[in-house]
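Biologist: Please take a close look at one part of this model. I would like to follow the charged side chains and what they join. Keep it plain, as I am new to this.

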Amino acid sequence: MQDYCGQFRSAEALRLGLQLMAELRDSELGKGYAANPHELGRMLECETILTVGEMVMHASLARKASSEHLEFMRLDYPAVDPPEWHKLLPMRRDHGEVTTRELPLDYHLQAPYASTYEENYRTHSGLGGQ
């Protein structure tokens, strides 16, 4: 992660990092086995670490702008915090495929949600009108 997804990132390095992660998943994780529940727990931890690393790399590829607030620098996209990138990029991994969508920063205050934090909290917290 430090070599391919460190402080300064680029699409080329991120793609190489994803390729390396896929190779690790196939070679090392694919050959692993657990002789007892403790080893199984360690194997699951390794798989989780690989998955999180892959998701971070995919998220870094999806964000095509640098951001001071996120401490995120893309060498191939040096513009820092351009207005068109003031948005959220929720991601999902389903059957090995990663998909990304874009949401405005205040999506939770737009329809069909209520227009205030308090209203949304009361509606979705289970407290009702209390």
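**Charged pairs and the helix they meet**

Modeller: Start with D76, which counts as partly exposed because its relative accessibility is 33%. (Buried means under 20% relative accessible area, exposed means over 50%, and partly exposed lies in between, with a 1.4 Å probe and protein chains only.) Its partner is R74, and the two form a salt bridge whose closest N and O atoms are 2.8 Å apart. (A salt bridge is a side-chain nitrogen of Lys or Arg within 4 Å of a carboxyl oxygen of Asp or Glu.) R74 is buried, because its relative accessible area is 2%.

A word on the source. This is a predicted model, where local features need pLDDT of at least 70, side-chain atom pairs count only at pLDDT 80 or more, and totals for chains, interfaces and linings use all residues. Residues are numbered from 1 along each chain as its sequence is written, and side-chain values use heavy atoms, without hydrogens and water.

How many salt bridges does the whole structure hold? A search finds seven. One of them pairs E47 with R25, with the closest N and O atoms 3.7 Å apart. This pair links distant parts of the chain: E47 sits in helix α2, R25 in helix α1, and 22 residues separate them. (Helices are DSSP runs of H or I with at least four residues, strands are runs of E with at least two, and numbering goes from the N terminus.) Is E47 buried, partly exposed or exposed? E47 is partly exposed, because its relative accessibility is 34%. R25 has 17%, so R25 counts as buried.

Next comes another salt bridge, where the side chains of R93 and E54 meet at 3.4 Å, N to O. R93 is in strand β4 and E54 in helix α2, so this pair ties together parts 39 residues apart in sequence. The two ends differ in cover. E54 is buried, because its relative accessible area is 9%. R93 is partly exposed, because its relative accessible area is 33%.

Now put the pieces together. R25, E47, E54 and R93 are linked in a network of salt bridges.

Stay with R93. Leaving out residues up to four places away in sequence, R93 touches R25, T51, E54, M55 and V98. (Contact means heavy atoms within 4.5 Å.) Take M55 from that list. M55 and R93 are 38 residues apart in sequence, yet their C-alpha atoms lie 8.1 Å apart in space.

That brings us to α2, the helix that holds E47 and E54. The helix covers residues 37–62, which makes 26 residues. At 1.5 Å a residue α2 should span 38 Å, and its end C-alpha atoms are 37 Å apart, so the two values agree. (The expected span is 1.5 Å times one less than the number of residues.)

Which residues of α2 are buried? They are L50, G53, E54, M55, M57, S60, L61 and A62. E54 and M55 are thus on this list, and R93 touches both. What covers the buried residues of α2? The cover includes β1 (8–9), α1 (11–31), β2 (73–74), β4 (91–94) and β5 (97–100). Two of these names are familiar: α1 holds R25, and β4 holds R93.
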